[in-house]
Amino acid sequence: METPAIIARRINFFFGLRVAASRSVRVLPRDLALIIPTLIVPIFFFAVTIGALSNLAQGANLEIDYKAFQLPVAILTAVTGVSRAGALVIDIQQGYFDRLMLTPLNRYSILLGLMIADLVVFIILSVPVVALGLIVGVRFETGILGILVFIGLGALWGLVYTGFPYAMALFTGNPTAVNNSFLLFFPFIFLTTAWVPKENLSGWLSSVATLNPVTYILEGLRSLFLEWDALELGKALLAIAGIGIAAQSLAFWGLIKRSRTD
Amino acid sequence: MEFAIYCKNLCRSFGEIQAVKSLTLGIKRGEIYGFLGPNGAGKTTSLRMLSTLLKPTSGEGWVAGHDISKEPELVRLKIGTTLQEASLDNILTGRETLTYQGRYYGLSQNQIQTRIDELAPLLDMDAIDRRVKTYSGGMKRRLDVAASLIHNPEVLFLDEPTTGLDPVSRIKVWEEIRQLNSNYNITIFLTTQYLDEADQLADRVGILSGGEILTEGSPEELKRKIGKDVICVRVGENGASGTSNGSGENGENNKSDRQELLDALGKVSGVSSVDEQPGELLIGAENGTAVLGEVAVILKGSSEDVIEISLRSPTLDEVFLEATGYRIKTHEDEPTSTEETQTVENLKN
């Protein structure tokens with residue numbers, strides 16, 4: 001039998017990214033356990049919160065309807081902490097990560113490929129949440145574009161936040177550690193203006209909420225119900241960028257450490 | 001001589017622990033080289049250095065003409081590596097696994113299909129569109145090997161390719177390794193902790209213990225180095241084994257009888273060694289036929305329950321024992337669920 005004239009060659013970064021992302025996206029429908037529970041939780045919280053607190057919130061200093069006030073919380077609850085980090089841990093534990101390390105695939109495209117799949121998941125999660133908001137009467141004065149920006153900002157936040165679980169996965173290779181990174185979610189989401197405006201928060205919580213970047217993301221998202229507010233949206237983007245730099249630096253540091261051969 | 005794999009004084013330490021002390025070897029193109037040693041001998045660390053997954057602490061190495069430290073990307077294009085555990089994504093199908101693997105190496109869809117067709121004998125084509133998680137251990141292992149070969153590498157590294165496989169899968173993997181080597185002239189570097197695997201597959205064997213090669217050569221050369229025949233005496237539990245019934249006064253007597261027997265056998269002219277092992281005695285002699293009669297007479301006069309006496313040439317088992325002082329397992333020694341797993345027994349203790 002003759003040796004076939006098929007020779008391996010180096011691939012460029014973008015081709016590698018496309019292949020890595022294709023693998024991550026292809027397996028998404030086979031991993032519905034990731035998507036379905038994460039969709040139920042925000043819808044449940046949204047329904048319960050607006051059902052239980054709408055009347056109480058009438059006394060609060062709100063510029064918008066409480067249902068609209070809560071919708072950004074539902075979006076952030078849906079996308080925060082959701083990632084393919086669990087799949088990455090399985091790759092590490094099953095040796096598939098080592099197999100990838102032995103190929104000409106660029107190391108960074110492995111992680112970025114997973115994040116592209118995350119982005120797809122965020123959009124899948126955001127659409128029903130926003131649809132539910134519209135069904136219960138939430139209105140976007142900024143129109144369709146406002147809805148798209150609303151989903152985009154939520155997805156962008158979800159994407160930068162994945163840095164934490166990926167960092168956990170890469171530093172530890174341990175699924176429990178990845179699951180525990182979910183704990184970060186609580187201070188990020190709830191020590192904010194998630195329930196009432198800052199003016200209605202008491203002493204220390206008001207101070208913490210002022211320092212919490214997620215407060216500004218919530219405010220930016222809420223601004224889309226009323227008008228295009230460049231300042232609020234700018235603050236939201238800055239907050240996302242700040243957390244993003246920290247979280248993604250950790251993740252890529254973990255990747256470099258994990259793929260080091262010395 | 002152009003080597004497919006060559007390394008000189010390759011060392012690797014993990015903190016205080018020196019996993020590989022000073023590895024020097026040359027493996028010719030088209031050769032199957034078996035790296036034989038117990039767990040912790042440094043086999044996997046050596047393989048990971050040669051396949052660029054681990055940088056050597058010191059020393060140098062070349063694989064497929066490229067420096068493993070300075071040109072790891074070029075080495076990776078020319079090697080295929082199958083690690084100890086099947087490195088597969090269980091959610092993908094067999095075909096997807098091979099397709100993605102081919103894409104990582106820049107192969108076109110047509111090239112990948114060509115390679116899948118060529119590798120079909122190695123694969124379970126009926127199951128190729130099933131998810132990997134439904135595969136048996138043997139099927140996974142063969143898919144793993146096929147994935148390592150999809151880009152047509154010059155050198156294939158196999159880390160304990162049959163560990164954990166059932167006998168049928170093991171023989172199938174051996175057969176495929178032989179065919180890969182003969183059909184494609186692929187150089188194969190395999191690590192194993194099984195003597196029979198090294199004996200069956202390898203053109204040359206390096207015996208590794210404590211992070212260094214103790215002896216090296218073809219299985220036949222290594223056996224000839226031992227230079228003696230082996231008289232193997234299988235003994236039953238009712239004799240003077242001193243092990244199974246060795247309690248109390250009877251036990252002491254049995255031990256004493258066994259020691260007397262060993263001494264008597266050791267004094268036979270032409271006998272060079274007597275090893276006592278569970279269920280058997282191994283008597284080494286330059287000319288086994290010449291001493292067999294006298295050995296049989298001594299055994300008949302002893303209280304030993306002799307089941308069988310056989311004369312054979314040395315096996316890699318004896319070679320390993322001679323080189324390391326340890327006995328290593330064969331596939332037949334694989335522990336059952338009720339047995340305690342113990343890879344190496346120190347026979348000197």
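The following questions and answers explain the terms applied to this predicted model of chains A and B.

Residues are numbered from 1 along each chain as its sequence is written, and chains are lettered from A in the order in which they are written. Local features need pLDDT of at least 70, side-chain atom pairs count only at pLDDT 80 or more, totals for chains, interfaces and linings use all residues, and side-chain values use heavy atoms, with hydrogens and water left out.

Q: What makes residues of chain A and chain B count as being in contact?
A: Contact means heavy atoms within 4.5 Å. On this definition, 32 residues of chain A are in contact with 41 residues of chain B.

Q: How much area do chain A and chain B bury between them, and how is buried area defined?
A: Buried area is the accessible area (1.4 Å probe) that two parts lose on being put together, summed over both. For chain A and chain B it is about 3,600 Å², with 54% of it on carbon and sulfur atoms. A:I6, A:R99 and A:L102 supply 22% of the area that chain A buries against chain B, more than any other three residues.

Q: Why is the pair B:D144 and A:R99 called a salt bridge?
A: A salt bridge requires a side-chain nitrogen of Lys or Arg within 4 Å of a carboxyl oxygen of Asp or Glu. The closest N and O atoms of B:D144 and A:R99 are 2.4 Å apart, so the pair meets the definition. The pair crosses between chains, from helix α5 (residues 137-149) of chain B to helix α5 of chain A; helices are DSSP runs (H or I, at least four residues) and strands are likewise DSSP runs (E, at least two), numbered from the N terminus. Across the interface the rule finds 5 salt bridges, and another pair that meets in one is B:E96 and A:R30, at 2.7 Å from N to O.

Q: Are B:D144 and A:R99 buried or exposed?
A: Buried means under 20% relative accessible area, exposed over 50%, and partly exposed in between (1.4 Å probe, protein chains only). B:D144 has 0% relative accessibility and therefore counts as buried. A:R99 has a relative accessible area of 5%, so this residue is buried as well.

Q: Why do B:K78 and B:E154 count as a salt bridge, and which parts does the pair tie together?
A: Their side chains meet at 3.9 Å from N to O, which is within the 4 Å limit, so the pair qualifies. B:K78 lies in helix α2 (residues 72-78) of chain B and B:E154 in the loop between α5 and β7 (155-159), so the pair ties together parts that are 76 residues apart in sequence. B:K78 is partly exposed because its relative accessible area is 28%, and B:E154 is partly exposed because its value is 32%.

Q: Why is strand β3 (residues 32-36) of chain B described as largely enclosed?
A: In this strand 5 of the 5 residues are buried, so β3 is largely enclosed by the rest of the structure. B:I32, B:G34 and B:L36 point one way, while B:Y33 and B:F35 point the other way.

Q: How do you know that β3 of chain B pairs with strand β8 (residues 187-192) of chain B?
A: Two strands pair if DSSP finds at least two bridges between them. β3 and β8 have 5 bridges, in the parallel sense, so the condition is met. Within this pairing, B:Y33 stands opposite B:F189.
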